[in-house]
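Q: I would like a close look at a single part of this model. Please keep the answer connected and to the point.

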Amino acid sequence: MTDTLPNIQTKEGQEQLRQMGIRVIPQPDDVSRPFWEAARRHELQIQRCGSCSAYQHPPAPSCRYCHSTDLQWAQLSGRGSVYSFIIDHRLMVPGFDKPYVVAQIRPDETDDDLVRITTNIKQCDVHDVYIGMAVEVFFEDVTEDVTLPQFRPAGSRP
Ligand SMILES: [Zn+2]
């Protein structure tokens, strides 16, 4: 028995972490907490400036465009399109056991090409994902406290 932690940089270490059931879980902070609380209710909400109406994501303490601190949380439909993506075959993050997609989604409500939601795309083959693909949100309850907004091809059913 050893008390050293597996080396995350190696394939063997990744395999050990997988066997230990270790998975990376988001840690909400004061600024991002409303996003994660909405996700627990299975709602997708991002910040919207009360002064200039711009949407922004990831969350920040003030508006990136006009610097107002009058930020609201706006409900989104959960529909969007793939702006960019990668397929991770090397499994560099523990908790994944086969190739997975990390994508940036542009929500349908935002037409300024400035809001990106980073997520996984699931419920389809990783090789079926393409830029511009229509997607919709679904919610994955990973622990009692954390629910992940994830995306799948629009119109798919669980
Ligand atoms: Zn603003």
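Which residue of strand 3 stands opposite glutamine 47? Please use that pair as the way into the sheet around it.

A: The model is predicted. Tryptophan 73 in strand 3 stands opposite glutamine 47. The wider pairing comes next. Strand 1 covers residues 45-49, and five bridges join it to strand 3. The two run antiparallel. Arginine 48 has its own bridge partner in strand 3, glutamine 72.

Glutamine 47 also has a bridge partner in strand 2, namely glutamine 56. Strand 1 and strand 2 are joined by two bridges and run antiparallel. Five residues lie between these strands in their hairpin. Serine 53 takes a positive phi there, near 70 degrees.

Put together, the three strands form an open sheet. Its order is 2-1-3, and the pairing is antiparallel. Strand 2 (55-56) and strand 3 (71-75) are at the edges. Each has a single partner strand, so one side of each has no neighbour in the sheet.

What about burial? Five of the five residues of strand 1 are buried, so strand 1 is largely enclosed by the rest of the structure. Helix 2, residues 33-40, lies across strand 1 and strand 3. Helix 2 runs at about 140 degrees to strand 1.

Now the nonpolar core. The largest one has 15 residues. Ile46 is among those with the most contacts inside it, along with Val82, Ala103, Ile105, Ile121, Val135 and Phe151. Helix 2, strand 5 and strand 7 (134-141) each supply at least two residues of this core. Strand 5 gives the largest share, three residues.

Take isoleucine 105 from that list. Leaving out residues up to four places away in sequence, isoleucine 105 touches Gly80, Val82, Tyr83, Arg116, Ile117, Thr119, Val135 and Phe151.

The other sheet completes the picture. An open sheet of five strands has the order 6-5-4-7-8, again with antiparallel pairing. Strand 6 (117-120) and strand 8 (147-153) are at the edges, each with a single partner strand, so one side of each is left without a neighbour in the sheet. Direction ignored, neighbouring strands here are turned by 40 degrees against each other on average. Strand 4 (residues 79-88) pairs with strand 5 (residues 100-107) in the antiparallel sense, over eight bridges. Glycine 80 stands opposite proline 107 of strand 5.

Back to the starting point: glutamine 47 stands opposite tryptophan 73 in strand 3, and has glutamine 56 as bridge partner in strand 2.

Note on methods. Residues numbered from 1 in each chain as written. Predicted model: local features only at pLDDT ≥ 70, side-chain atom pairs only at ≥ 80, totals over all residues. Pairing = 2+ DSSP bridges. Helix = DSSP H or I, 4+ residues; strand = E, 2+ residues; numbered from the N terminus. Contact = placed C-beta atoms within 7 Å. Axes fitted to C-alpha atoms, helices over the stretch in contact; angles between N-to-C directions. Core = buried A, V, L, I, M, F, W, Y, C linked by C-beta atoms within 7 Å. Buried ≥ 20, exposed ≤ 12 C-beta atoms within 10 Å, placed from the backbone.
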